[in-house]
Amino acid sequence: MARDWRDTDRQAALLFRRLALGLAVIACVTAFFLWRTDNPRLSRLRAAITDAASPMVEWTSTPIRGATDLFEDFGDYRRVHEQNRELRREVERLAAWREVARQLEQENARLRALNNVRLVSKPSFVTAEIIADSGGPYAQTSVVNVGTRNGVRDGDAAVDGSGLVGRLVGVGERSGRVMHITDFNSRVPVIVRPSGRTAIVVGDNTDAPALSFLS
C-alpha cells in the first residue's frame with residue numbers, strides 16, 4: 001500500500017514537472033513571437049510590459065553595479081598597493097646608495113685631511129723651461145725659470161707630456177728648483193691601475209724607481 005502511494009507521488013511529481021516545462025516553453029515561444037511581431041497593439045503591450053518591469057530591472061541592476069564598482073575598486077586598491085610596495089623598495093635602494101655616498105664622502109674628507117690636500121676650484125698651470133740641471137742638496141733636480149711672481153709655491157707638482165716629473169722644493173721670485181721623482185729623497189703616493197692597490201714610488205737615483213709599501 002505504501003509503495004503504491006509512493007509510486008503515485010512520483011508520477012504526480014513527474015507529471016507536474018512536465019506540465020511546468022511545457023508551460024515554460026509555451027510562455028517563451030509566445031513571448032518571443034509577441035516581442036518580435038510588428039503590430040501596433042503588440043508594440044503598446046511591449047511598452048507597457050517594459051514600463052512595468054523597468055523598476056524591477058533598475059532595482060536588481062543597482063546591486064550588480066555596486067558589485068562591479070566594488071570589484072573595480074578592489075583592483076585599483078591592488079594596483080596602488082603594488083605601486084606602493086615598489087616605491088618602498090626604490091626608497092630603500094636610494095637610502096642604501098645615499099649611505100654609501102655619505103661613507104665615501106667621509107672617507108674622502110679623511111684622506112684629504114690626512115694628506116693635507118687642498119683642492120682649488122679652477123686648477124691652473126704655468127709653463128716653465130729647465131735652465132739648469134742638478135745642483136744643491138738633491139741629486140736629481142732641475143732649475144726652472146718660474147717663481148713666486150708666476151704664482152708657483154713650494155710643493156707644487158711639475159709635469160711634462162708623459163706625466164709627473166717631480167715637485168718644487170725651493171721657489172724664488174724668478175726661479176724654482178724641481179726635485180725629480182727619481183731623486184733619492186723623493187716619495188710619491190700612487191695608485192696602481194687597474195687593481196687600485198696603493199703604493200709609494202721611492203726614488204733611488206735611477207731611471208726606474210721602486211714601488212714600496214704595495215698593499
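Is R93 buried, partly exposed or exposed? In this predicted model, R93 counts as partly exposed, because its relative accessibility is 40%, which sits between the 20% and 50% cut-offs. That arginine is a handy way into the helical part of the protein, so let's start there.

## The helix and its charged side chains

R93 has two acidic partners to look at. With E86, the side chains meet in a salt bridge at 3.7 Å, N to O. With E90, they meet in another, at 2.4 Å, N to O. E90 and R93 both belong to helix 2, which covers residues 40–115, and they sit three residues apart, about one turn of the helix.

Further along, E99 and R102 make a salt bridge of their own, at 2.4 Å, N to O. These two are about one helical turn from each other, because they are three residues apart in helix 2. Salt bridges with shared partners also tie E82, R85, E86, R89, E90 and R93 into one network. The count for salt bridges comes to six.

How open are the residues in these pairs? Here are the values, with N205, a loop residue discussed below, and G170 from strand 4 added for reference.

| Residue | Relative accessible area | Class |
|---|---|---|
| E86 | 37% | partly exposed |
| E90 | 33% | partly exposed |
| R93 | 40% | partly exposed |
| E99 | 31% | partly exposed |
| R102 | 38% | partly exposed |
| N205 | 35% | partly exposed |
| G170 | 25% | partly exposed |

## The overall layout

Stepping back, the protein has two helices and eight strands. Along the sequence they follow the pattern α-α-β-β-β-β-β-β-β-β. Buried residues account for 12% of the 215 residues. The accessible surface comes to about 17,800 Å², and 60% of that belongs to carbon and sulfur atoms. As for contacts between residues at least 6 apart in sequence, 29% of them join residues at least 24 apart.

## The five-stranded sheet

Now for the strands. Five of them form an open sheet in the order 1-2-5-4-3, with antiparallel pairing. Strand 1 (130–132) and strand 3 (157–160) stand at the edges with a single partner strand each, so one side of each has no neighbour in the sheet. Neighbouring strands in this sheet are turned by 45° against each other on average, ignoring direction.

Strand 3 leads into strand 4 by way of a hairpin of two residues. The two strands pair in the antiparallel sense over four bridges, and A158 has G166 in strand 4 as its bridge partner. On to the next pairing: strand 4 and strand 5 (residues 176–180) are also antiparallel, over five bridges. Here L168 stands opposite V178 in strand 5.

G170 is worth a look too. It lies in strand 4, residues 163–171, and is partly exposed, because its relative accessible area of 25% falls between 20% and 50%. Leaving out residues up to four places away in sequence, G170 touches D154, S175, G176 and R177. Its C-alpha atom is separated by 8.1 Å from that of R153, and the two residues are 17 apart along the chain.

## What sits in the core

Which residues make up the largest nonpolar core? There are six: V144, V146, V152, A158, L168 and V178. Three of these have already come up in the strand pairings, namely A158 as the bridge partner of G166, and L168 opposite V178. In soluble globular proteins, nonpolar side chains tend to be buried together.

V152 gives a view of the surroundings. Setting aside neighbours within four places in sequence, V152 is in contact with V126, V146, G147, L168 and V171. Among these, V146 and L168 are listed in the core with V152.

## Two backbone details in the loops

Two spots in the later loops deserve a check on screen. The first is the peptide bond from R193 to P194, which is cis, with omega near 5°. P194 is placed in the loop between strand 6 (187–192) and strand 7 (197–202).

The second is N205, which has a positive phi of about 65° although it is not a glycine. N205 is found in the loop between strand 7 and strand 8 (210–212). With 35% relative accessibility, N205 counts as partly exposed.

Notes:
Residues are numbered from 1 along each chain as its sequence is written. This is a predicted model: local features need pLDDT of at least 70, side-chain atom pairs count only at pLDDT 80 or more; totals for chains, interfaces and linings use all residues. Side-chain values use heavy atoms; hydrogens and water are left out. Buried means under 20% relative accessible area, exposed over 50%, partly exposed in between (1.4 Å probe, protein chains only). Contact means heavy atoms within 4.5 Å. A nonpolar core is a set of buried Ala, Val, Leu, Ile, Met, Phe, Trp, Tyr and Cys residues joined through side-chain atoms within 4.5 Å. Two strands pair if DSSP finds at least two bridges between them. Axes are lines fitted to C-alpha atoms, for helices over the stretch in contact, and angles run from 0 to 180 degrees between N-to-C directions. Accessible areas come from the Shrake-Rupley method with a 1.4 Å probe; for residues, only the protein chains shown count as cover. A salt bridge is a side-chain nitrogen of Lys or Arg within 4 Å of a carboxyl oxygen of Asp or Glu.
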